[in-house]
Amino acid sequence: HLADHSNLAALAFQQLQPEARLTCLVLDLLANKSRYLVTVKPSLLSAVREENFPSSLAQLHPQQFLQGYVFSVKSCGVFVRFLGRLTALAPSSSLAAGHVDDPQSLFEEGQSVRCCVVTVDEEQQRAKVTLKP
């Protein structure tokens, strides 16, 4: 999570030096609880500053535009993550204006995305978003 674009992330990684000072955001405590997932992506840091980076389902509302990142890409669609473990599904039918055969051809894990909330189901603790432009 060094840059909003994957090609810039490789360059940023090469520039990191010991004792470098970074402004970062802790996104998650990883499963083994001994490592953190952090980001320095400007789009995600900006979303937090603007208080537009939710951490609970109660903060999601239909027609709300949010910045997030791709947590996982599956044949059924793309899982978009926000703070902590809050995740929403962008079904394959809502990834692009046209039909998408392979979501992995358009999205990669860690990629920053802007999405729009379509539905929130508090009872099932699920949310759906669209990534269509």
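Start by selecting S75, which sits in the loop between β3 and β4. Strands here are DSSP runs of E with at least two residues, helices are runs of H or I with at least four, and both are numbered from the N terminus. The model you have open is predicted, so local features need pLDDT of at least 70 and side-chain atom pairs count only at pLDDT 80 or more, while totals for chains, interfaces and linings use all residues. Residues are numbered from 1 along each chain as its sequence is written, and side-chain values use heavy atoms, with hydrogens and water left out.

**Stop 1: around S75**

Is S75 buried or exposed? S75 is exposed, because its relative accessible area is 68%. Here exposed means over 50% relative accessible area, buried means under 20%, and partly exposed lies in between, using a 1.4 Å probe and protein chains only. Now show what S75 touches: leaving out residues up to four places away in sequence, you will find S92 and P103. A contact means heavy atoms within 4.5 Å.

**Stop 2: across to V26 and the nonpolar patch**

Next, draw a line from the C-alpha atom of S75 to that of V26; the two are separated by 28 Å, and the residues are 49 apart along the chain. Keep V26 selected and add L29, Y36 and V38: together they make a nonpolar surface patch of about 350 Å². The elements giving two or more residues to this patch are β1 and β2. To belong to a patch, a residue needs over 30% relative accessible area and no salt bridge; like charges are joined within 9 Å, and nonpolar side chains (Val, Leu, Ile, Met, Phe, Trp, Tyr) within 5 Å. The areas come from the Shrake-Rupley method with a 1.4 Å probe, and for residues only the protein chains shown count as cover.

Zoom in on V38, which is placed in strand β2. V38 counts as partly exposed because its relative accessible area is 35%.

**Stop 3: D28 and its salt bridges**

Now select D28. How many salt bridges does a search of the whole structure find? The search finds two. A salt bridge is a side-chain nitrogen of Lys or Arg within 4 Å of a carboxyl oxygen of Asp or Glu. D28 forms one with R81, where the closest N and O atoms are 3.4 Å apart. This pair links distant parts of the chain, with D28 in strand β1 and R81 in strand β4, 53 residues apart.

Add R85, whose side chain meets that of D28 in a salt bridge at 2.8 Å, N to O. Here too, distant parts of the chain are linked: D28 lies in strand β1 and R85 in the loop between β4 and β5, 57 residues apart. D28, R81 and R85 are thus linked in a network of salt bridges. Colour them by accessibility: D28 is buried because its relative accessible area is 10%, and R81 is buried too. R85 counts as exposed because its relative accessibility is 52%.

**Stop 4: the strands and their hairpins**

From R85, move to β4 and β5, which pair in the antiparallel sense over five bridges. Two strands pair if DSSP finds at least two bridges between them. Pick out F79 and its bridge partner in β5, L89. The hairpin of these strands has five residues between them, and there G84 takes a positive phi near 60°.

Turn to β6 next. Five bridges join β3 to β6, which run antiparallel, and F65 stands opposite C116 in β6. Five bridges also join β6 to β7, again antiparallel, with C116 opposite T130 in β7. Look between β6 and β7 for a hairpin with four residues between the strands, where Q125 in the turn has a positive phi of about 55°.

**Stop 5: helix α2 and the core**

Select helix α2 (residues 42-49), where S43, L44, L45 and A47 are buried. Their cover includes β1 (25-29), β2 (36-39), β3 (65-74) and β6 (112-121). Following α2, E51 has a positive phi, near 55°.

Finish with the largest nonpolar core: of its 28 residues, V78, V80, F82, F107 and L131 touch the most other members. The elements β1, α2, β3, β4 (77-81), β5 (87-91), β6 and β7 (126-130) each supply at least two residues of this core, and the largest share, four residues, comes from β3. A nonpolar core is a set of buried Ala, Val, Leu, Ile, Met, Phe, Trp, Tyr and Cys residues joined through side-chain atoms within 4.5 Å. Centre your view on F107: leaving aside neighbours within four places in sequence, F107 is in contact with V70, V73, V78, L95, V113 and L131.
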